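Open the model and turn it so that the strands can be followed. The walk below starts at one residue pair and moves outwards.

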Amino acid sequence: MTEPMRTHMMDRLWELQLANGYIRDEDIKNLSDEFNLSSIEIEGVVSFYHFFHRKPTGKYTIYLNNSIVADHKGFQRVKETFERETGATFGSVDRTGTFGLFLTPCIGLSDHEPSALINFHPFTHLNAIRVKDTISALRRGLDVDMLCDSPSDNLRYAPAPGSVFFKSFEPGMVLEKASVLGSDGILDEMKKAELSGRGGAYYPTWKKWLAAKNAQGDTRYVVCNADEGEPGTFKDRVLMNTRPETLLEGMLLCGYTIQAPHGIIYLRGEYRWLLPKLQAAIDKYREAGLLGKDCGGIKGFDFDIRVQMGAGSYVCGEETALLESLEGKRGEPRTKWFFPVEKGYLQQPTVINNVETFCAAARIIEMGSEAWCQLGIPGSPGVKLLSVSGDCKLPGIYEIEWGMTVAELLELCEADDPMYIQISGPSGECISIKDKYRRISMLDLLARKDIRSGGSIMVFNKSRDLVKVLLNFSEFFKSESCGICTPCRAGNFIIQRKLERLDLGLANEKDLEELKNWGMIMKNTSRCGLGKTATNSLIFAMDKFSDYFKARLDKDYNGLNLKFDLEAATEAYEQYKN
Amino acid sequence: MSDLVHITIDGKSIQAEKGRNLVQVAKENGIFIPSLCYYEHIEPPLGTCRVCTSKINGKYAPACTEKVREGLTVEVNTPDLNDTRKALVEMMFAEGNHICPACEKSGNCDLQHMGYELGISNTRFQHLFKDRLIDFNPQRMIMEHNRCIKCLRCVVDVKTDEGKTVFNYQNRGNETYVGIDYEQEAKLTEEQAVNAMHICPTGAIIVRGVSLSAPFGERKFDMESVQENFNKKKPGLRKREPVMSKKIVATVSLAGCFGCHMSLLDIDTELLDMVELVSFDKSPLTDFKHFTSRCHLGIIEGGVCNSENIETLRKFREQCDILVSLGECAIWGGLPSMRNSIPLSECLEEAYLNSATSEAGAHVVPYHEDLPKILDRVYACNEIVKIDYHIPGCPPDANHIWKTVKNILWGEEYSILYSEFKYD
C-alpha cells in the first residue's frame, strides 16, 4: 500500500524551511495546490511545529535550550552573550539577517548543558567565551559542521556482568533467532521477559504486539517513537548514536512478529544531527539484505524502514499525536475512539514503541529471556537506561538493573548535596531526598515504595528554588500543549499565573488548595497524557515539601484581605508623573 | 434487528442499541449530560471541550467519545463531577474575553447556556485577559477570536463545495486560535456561511449583515432550562432562622456604571418592604461619605481600576460582615476590563493625547497627587478582598438581587428561576 500524498507534508516543509530559512508565502500557495488543501490548513501545520517559521530565521539559526537543567548551568549568561555577540534578540533575527536567535525546550543534551543547536548541529557546554568564539568564527565564514561538537555518550555505569544495551552487536543475529522462534515464540519470550513500554507508560509489549497481529487491516505498520522530548531524557539519543543496529533489529523483530512490511522511525527534529548515522545504518542493513525483500533470507518477509523527521513538538511523543504528525497533520492527539493497534497510521493496525523498547526486545531475543530475567528483581526483570543530569558530578547514562535505590544512583553520579529529585521529567514525580531509599522498578506504583522512571532523573540541590523549577515546567507545558482540549490549553496557563503569585509572595493557604484541586481537574479531564500529567510534579511537590510552600505564603493573610502589590500595579501609570 | 445492550446511568438501567453515542442515549432517556463541543451529526465526536466528563466504569472519561456497550456503568450527576464540569466551563470564560452584554450571540450562545445550566455565578479562575484580535478581513464573515472556545466544530464541519476546509487551528498551546482561509471563505455559499455561524457554539463566527438579534426573552436560551425542575441553590449557603430584625446595608459603585444600583430599584413595590427591613449606611442612596456603623451586608458594584477603589473596597471588607459582588464588573471586571489586554499607556494616550478631539500638545495625561492612581488593569473584587457571594448579570435581575439579599440576611428560602439568571 503506497502512502498517500499528505504523508510527505513534513518532508516538503523541511525542504523549504532548510532551503530558504523559512516558509515563504509563495510556498504556502504552491503547497496548497500541490496537496489540494486550503492554505489555512497548510498554515495550521506550519504554525504547529516550532522549527517551521513563516519569517526568515537568518543564515545561522540558533536554538538555545531553556530547560531547567540548562537554567541551573548558566543559561542566562549564555543567552545574554548570544544577544550581545549577534546583535539579535531572542525570538528574532539581527538586522543583517545573519543570526536568528530562538529558545527551545530540552534538546536532549542535558548532560552537556548549556547547549544549543546552530543550523541543527549541536553545540555543548556553552559559556560566554565559547559563544563569543563560535559567533566570531561563523562571522569569519567557518562552517557550522566544522565548529559543532559531537556530544559524548557519557556511559557512566553498567551492571557487573557487562552492559546489555551497549555491548557489541552482530547484525542479523536476532532475525535469525526470530525465524527459529516464530511469531508465537517471540511473543512468548517478550512475555517471559516482562518487557513493557519504555517510553514511560509500561504497557506490556507482548500484549501490544499480539493485538496488532490479530487486528484486521490491509497492511500493518511498525513505528518507532524516537521523539524523546521529556526534558532531562537523552537515553534514546545515546542508543541511536551508539547502537542504531539494535533499534533496526528490534523493529524487524516486531515486523516479523506482527507481519508488518513497513517500519517508520519518527525522529525528533532536535536530533536531526543523528539522521546521517541512522540513515547509514539503514543503508548498511539494506545492503546486507536485512531490509527490503526477504529480509535476512526469510522467504516472504519483506520489511523496510524509513525515517520521518519531526519538527519540534513535545506532544508528538504522544503516540496518537505522533501518528497525526506522520500523516502530515498537526500533532494533535486523537480521541480514544480507536487504539493504534486497531486503527493507527493511515487507519491501519500499528505498533508504536519507544527506541529503548525495540532495542531491549532485540537484546532479549539475542540473550534469551532467561538470561534477561537473571537481571533486575522479581516482578521487574532486566535493565533500564536512565539519563541523569542536574546537580551531580557525573551526568550521563546509567544502565541500572531494576531494583537499584535512588540513594545508590545518587552516589554513583556523585550528586552534590541533593534536595529533591525529579523522576521521569516534568510530567513525572518529584521526590524528596528523604525518599532516597525507594527502589527504581516497574513494581506497583500505588504501593509508593518503588518508583518507576521513564528515563529522566534530574537532581537538584539545596540552593535551587523549587517554585522556579515548577514555573519552568509550567511554562513548558503551557507552550507545548497542542491546544485542542480546554483543561490542558487553559489549565496550564491558569496554573502558571497562580504559580507566579506564589513566587511573588502574594499567595495564601487558599491558593495552595486551589492549585492542588485544579491540578486534579486537569488530570481527570485532559484528552491525552500531556494534560493528565502536567501537574504531577506540582501536586507531588506540594505534598513532599509542604513546609517549603507554607514559608512562601503571605504571612499577614487574615482570611479577608488579599495581598496586593500596589507599586507594581501603578508602575505603568507613574510614568505620567510630569 | 440491532444489538441491544444494557447500561446503567446514575443507577438507572437503560437498554440501548450497541455502539451508539453515550450522550445521545442518555438524552433520549431523560438524562442530561452537559456538553459543548458535541454535535450530533459530527462523527467521530470531537472530544475537545471535555465538559461531558463523567465516570465511565469508574474512570474519568468524556461521555461523548464513548460507545454504548454491554454492562457500561456511568456516573453523571455526582457533586465531584458537577464541580469538574463547572470548572471546565469556567476555564473557557476565564480564558477567552467573553463580554456577554456586548455580544451578538448573547441569549443564543451555547457557552452562556452551559453557564446557566450549571449555575455558574463566578469563575474560580482569575481571567487571563489575553490579547486577541478580531479578524475583519474575510469578505463575508468576522472572526471574533475573543469568543472562540476552540471546539473544532467549524474546522471539521465547514467545507467548500470542493471539499476544502475553511477554518483550521493555528499555533499551539495557549496561542492556539482558529484561523480562517479568506480565499475559501469567499467560495462558501450564503447558506453555508450562515450555517457556519450557527454551528459555532459562541459568537466567534459572525456573518456580516445577518442578524442574530431577537428581543430579550425570546432568544434561544432565555426562558427555559433543558433540565426539568431547574432549581438553583447556591452551595454553601447556610439556612438561617428567619428573624426579621432590621439590618444595616452599605453599597458602593467602584469601576461600574451604577446600572446595578438602578436594577435594584426595579424590585418595584417590594421597595416598600425593603425600607421597612433595611437601613442603609454608606451608600450612594444615602450619600453618606463614611461608615457610621458596622454593617451586616456590603454590596459592591464594579471592579477595581484605581488606588481609591482598593481603599474603598478594603474599608468595606473591614466594616461589613458579608460582602457581595453585584454584577459582571465586580465579579470579574466586566466591560471596563476590555482594556486589560491593552497596555495602560496605549489606553491613556489614545484617550488623552491622540483622540480625534485632542489638539497636539494641548493635552496631557492627568496626574496629580490628589488623583487616584490608575492600575495596570481592572481587577476583580475577589482579587483584592474575600468576597462571600456573587450575583451575576449586566445588570443582575432585580428579583435575583432581592432574593439573594433576603436569603443572606434572613435565611429566606432561596430559589432563582432559570429566566432570572443571566450574564447580560
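B:Leu297 stands opposite B:Ile322 in S15(B). Helices and strands here are DSSP runs (H or I, at least four residues; E, at least two), numbered from the N terminus. The model is predicted: local features need pLDDT of at least 70, side-chain atom pairs count only at pLDDT 80 or more, and totals for chains, interfaces and linings use all residues. Residues are numbered from 1 along each chain as its sequence is written, while chains are lettered from A and ligands numbered from 1 in the order in which they are written.

Step back to the strands. Strand S13 (residues 295-301) and strand S15 (residues 320-326) of chain B run parallel, joined by six bridges. Two strands pair if DSSP finds at least two bridges between them. An open, parallel sheet of five strands results, in the order S12-S11-S13-S15-S17 (chain B). Strands S12 (278-280) and S17 (389-391) of chain B stand at the edges; each has a single partner strand, so one side of each lacks a neighbour in the sheet. On average, neighbouring strands of this sheet are turned by 30° against each other, direction ignored.

Now the helices. Helix H9 (residues 307-319) of chain B lies across S11 (247-253), S13 and S15, at about 135° to S15(B). Helix H12 (residues 398-410) of chain B lies across S11, S13, S15 and S17, at about 160° to S17(B). Axes are lines fitted to C-alpha atoms, for helices over the stretch in contact; angles run from 0 to 180 degrees between N-to-C directions. Contact between two residues requires C-beta atoms, placed from the backbone, within 7 Å.

Next, the partner chain. 54 residues of chain B are in contact with 46 residues of chain A. On the side of chain B that touches chain A, H2(B) gives the most, with seven residues. H9 of chain B is among the elements that each supply at least two.

Finish in chain A. A:Gly21 lies in the loop between helix H1 (9-20) and helix H2 (25-35) of chain A. Is A:Gly21 buried or exposed? A:Gly21 is buried, because 20 other C-beta atoms lie within 10 Å. The cut-offs are 20 or more for buried, 12 or fewer for exposed and partly exposed in between, with C-beta atoms placed from the backbone. Leaving aside neighbours within four places in sequence, A:Gly21 is in contact with A:Pro56, A:Thr57, A:Gly58 and A:Thr61. The C-alpha atoms of A:Gly21 and A:Thr57 are separated by 5.4 Å, though the two are 36 residues apart along the chain.
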